[in-house]
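Biologist: Before I rely on any of the terms used for this model, could you take me through the reasoning behind each of them?

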Amino acid sequence: MDKLDRQIVAALQHNARESTTKIAARLGVARTTVHERISRMEARGVIAGYSVVLREPQDDSKVQVVVLLEVQQKETARIIKRLEAYPEIKLCLSINGEFDLLLSAEAPRIEDLDILVDELGAIPGVQRTNTFVVFGRRIDRI
């Protein structure tokens with residue numbers, strides 16, 4: 001993918017229903033160029049499909065945290081299985097560095113998240129946690 005392909009993909013990620021005419025005008029290229037490049041990326045599997053993403057109703061009362069977990073490597077699979085039981089956990093990423101897992105969690109009250117983090121720290125194999133409160137989303141492409 002070259003720069004123009006990446007710009008087209010970014011436009012589609014922002015609004016997959018935007019016309020190729022509008023995308024082309026914004027990027028300063030011909031509509032047929034945008035159309036052909038989209039077709040080529042679809043054929044190569046770069047663009048695997050399009051979907052509808054429903055936003056949860058804006059609920060400003062939810063608090064979000066990012067939790068880093070350091071875990072014993074041999075316990076990782078079992079710990080992840082335990083994490084699946086917590087509906088507050090929306091995302092779990094395996095990462096490198098000082099910590100092993102990055103979690104994103106949300107709940108109506110900070111006290112609920114405090115209890116969650118205490119419970120996470122008590123899971124056998126979790127050696128250490130580090131928690132950050134999210135103040136706001138600056139870029140959200142999910």
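The conversation below takes the helices, the sheet and the domains in turn.

Modeller: Please keep in mind throughout that this is a predicted model.

Biologist: Why is the packing of helix 1 on helix 3 called roughly perpendicular?

Modeller: Helix 1 (residues 3-14) and helix 3 (residues 31-44) pack at an angle of about 85°, their axes lying 10 Å apart. Angles of 65 to 115 degrees count as roughly perpendicular, and therefore helix 1 is described as roughly perpendicular to helix 3.

Biologist: How do you know which residues make up that contact, and what is their character?

Modeller: Contact requires heavy atoms within 4.5 Å, and on that basis Leu4, Asp5, Ile8, Val9 and Leu12 of helix 1 meet Thr33, Val34, Arg37, Ile38, Met41 and Arg44 of helix 3. The residues of this contact divide into seven nonpolar, one polar and three charged.

Biologist: What makes Arg37 and Asp5 a salt bridge?

Modeller: The closest N and O atoms of Arg37 and Asp5 are 3.0 Å apart, and the criterion asks for a side-chain nitrogen of Lys or Arg within 4 Å of a carboxyl oxygen of Asp or Glu, so the pair qualifies as a salt bridge. Because Arg37 lies in helix 3 and Asp5 in helix 1, the pair ties together parts that are 32 residues apart in sequence. The structure holds 10 salt bridges.

Biologist: Which residues does Thr20 touch, leaving aside its neighbours within four places in sequence?

Modeller: Thr20, which is found in helix 2 (residues 20-27), is in contact with Arg31, Val34, His35 and Ile38 once those neighbours are left aside.

Biologist: Turning to the sheet, how do you know that strand 2 and strand 3 pair?

Modeller: Two strands pair if there are at least two bridges between them, and five bridges join strand 2 (residues 89-94) to strand 3 (residues 101-107), which run antiparallel. Among the partners, Leu91 is bridged to Ser104 of strand 3, and Ser94 to Leu101 of strand 3. The hairpin of these two strands has six residues between the strands, and in this hairpin Gly97 takes a positive phi near 110°.

Biologist: How many bridges does strand 1 form with strand 3, and how many with strand 4?

Modeller: Strand 1 and strand 3 pair in the antiparallel sense over seven bridges, with Val67 having Leu103 of strand 3 as a bridge partner. Seven bridges also join strand 1 to strand 4, again running antiparallel, and there the partner of Val66 is Phe132 in strand 4. Since at least two bridges are needed, both of these pairings meet the requirement.

Biologist: Why are strand 2 and strand 4 said to stand at the edges?

Modeller: The four strands form an open sheet in the order 2-3-1-4, with antiparallel pairing. Strand 2 and strand 4 (126-133) each have a single partner strand, so one side of each is left without a neighbour in the sheet. From one strand to the next, the twist averages 20°.

Biologist: Which helices lie across the four strands, and at what angles do they run?

Modeller: Helix 4 (residues 76-83) lies across strand 1 (63-71), strand 2, strand 3 and strand 4, and runs at about 10° to strand 3. Helix 5 (residues 110-122) lies across strand 1, strand 2, strand 3 and strand 4 as well, running at about 10° to strand 1. Angles under 35 degrees count as roughly parallel, so helix 4 is roughly parallel to strand 3 and helix 5 to strand 1.

Biologist: Finally, where do the two domains lie along the chain, and what separates their centres?

Modeller: The chain is divided into domain 1 (3-44) and domain 2 (63-134), and 38 Å separate their centres, taken over C-alpha atoms. As for individual residues, the C-alpha atoms of Thr20 and Pro87 are 39 Å apart, while those of Pro108 and Glu36 are separated by 46 Å.

Methods. Residues are numbered from 1 along each chain as its sequence is written. This is a predicted model: local features need pLDDT of at least 70, side-chain atom pairs count only at pLDDT 80 or more; totals for chains, interfaces and linings use all residues. Side-chain values use heavy atoms; hydrogens and water are left out. Domain bounds come from an automatic or database domain assignment. Axes are lines fitted to C-alpha atoms, for helices over the stretch in contact, and angles run from 0 to 180 degrees between N-to-C directions. Angles under 35 degrees count as roughly parallel, over 145 as roughly antiparallel, 65 to 115 as roughly perpendicular and the rest as oblique. Ala, Val, Leu, Ile, Met, Phe, Trp, Tyr, Cys and Pro count as nonpolar, Asp, Glu, Lys and Arg as charged, and the others, Gly among them, as polar.
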